[in-house]
Amino acid sequence: NVYPFVTGMDIDVLDQLPTPFGLVRSGVAPDHPEVKHVEKDFGKVFERYGGGGDGGGVANGADDTLEEVTVEFRGNVCVGRDISLEELQEAYDVVVLAYGCESNRSLHLPGEDTLLGVIPAREFVAWYNGHPSSTNTNTATPHSSHPLMTMEEHIQTILGESKRSNDSTNHESSSASSSPISASVVVIGQGNVALDCARILAKGGKGLMETDIVNSTVKVLGDGVECITIIGRR
């Protein structure tokens with residue numbers, strides 16, 4: 001044991017959202033259920049070691065190194081607003097900051113935070129995963145004609161004209177009942193998140209119907225985007 005003198009431990013997991021699982025819930029693409037499955041593992045931890053659950057948080061078994069452990073989830077707690085870091089240090093022996101990416105990475109390109117149609121991947125992922133922040137009025141990407149919009153309204157504005165054009169064309173054609181949105185999207189980056197964004201756009205609602213993607217997202221994406229380009233530095 002690293003700390004052989006420790007016989008018990010109380011662990012609180014704080015989150016500004018009322019729901020647990022953080023990135024697994026709001027960051028992993030909905031068509032990757034094998035990754036999202038780890039939620040069940042986290043759930044078992046809360047169930048087994050929750051102070052109010054069966055067993056009273058007592059750890060049993062030969063592999064357990066602590067005589068008593070409790071793990072509790074504390075949602076709707078925003079560090080810095082509801083409680084300060086100094087207060088946490090006074091209340092706990094150890095404070096682990098594991099809040100992930102809380103802001104967008106700037107490319108320092110003119111117009112990246114003012115032009116309609118330019119969306120940070122972090123906000124796009126939050127939108128298609130149903131993160132509560134995506135329903136808030138978005139002031140990070142203002143535009144002269146649309147200064148205050150939610151992320152969904154922003155994306156609808158971008159794809160709306162192309163989608164309506166498609167609907168009109170399909171209505172006049174007897175051979176096609178649906179087709180991809182005739183929009184051209186460029187994704188800057190070639191990491192996992194960039195490829196997730198490109199794949200979600202390409203699949204559209206039809207390709208994601210069997211996942212846990214948000215219903216409103218399915219409607220906006222329709223049958224997917226017709227042209228997607230991925231740009232990388234190498």
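Which pattern does the protein chain follow when read along the sequence? In this predicted model, the order of elements is β-α-α-α-β-α-α-α-β-α-α-β. The protein chain holds eight helices and four strands. Of its 234 residues, 28% are buried. Among the contacts with a separation of 6 or more, 58% join residues 24 or more positions apart.

**Helix H7**

Helix H7 covers residues 192–207, and its end C-alpha atoms are 19 Å apart, whereas a straight helix of 16 residues would span 22 Å at 1.5 Å a residue. A bend of about 45° is found in H7 at leucine 201. Leucine 201 is also one of the buried residues of H7, which include Ala194, Asp196, Cys197, Ala198 and Ile200 before it and Gly204 and Gly205 after it.

The buried residues of H7 pack against two helices and two strands, listed below.

| Element | Residues |
|---|---|
| Helix H5 | 121–128 |
| Strand E3 | 181–188 |
| Helix H8 | 215–221 |
| Strand E4 | 225–231 |

**The crossing of H5 and H7**

Two packed helices are described by the angle between their axes and the distance between the axes. For H5 and H7, the axes come within 10 Å and cross at roughly 50°. H5 is therefore oblique to H7, and the crossing of the two helices is left-handed. On the H5 side, the contact is made by Ala121, Phe124, Val125 and Tyr128. H7 contributes Val193, Asp196, Cys197, Ile200 and Leu201 to the contact. Leu201 thus appears in the contact with H5 and is the residue at which H7 bends.

Conventions. Residues are numbered from 1 along each chain as its sequence is written. This is a predicted model: local features need pLDDT of at least 70, side-chain atom pairs count only at pLDDT 80 or more; totals for chains, interfaces and linings use all residues. Side-chain values use heavy atoms; hydrogens and water are left out. The expected span of a helix is 1.5 Å times one less than its number of residues. The bend at a residue is the angle between axes fitted to the seven residues ending there and the seven starting there. Buried means under 20% relative accessible area, exposed over 50%, partly exposed in between (1.4 Å probe, protein chains only). Contact means heavy atoms within 4.5 Å. Axes are lines fitted to C-alpha atoms, for helices over the stretch in contact, and angles run from 0 to 180 degrees between N-to-C directions. Angles under 35 degrees count as roughly parallel, over 145 as roughly antiparallel, 65 to 115 as roughly perpendicular and the rest as oblique. A crossing is left-handed if the near helix is turned anticlockwise from the far one by less than a right angle, and right-handed if clockwise.
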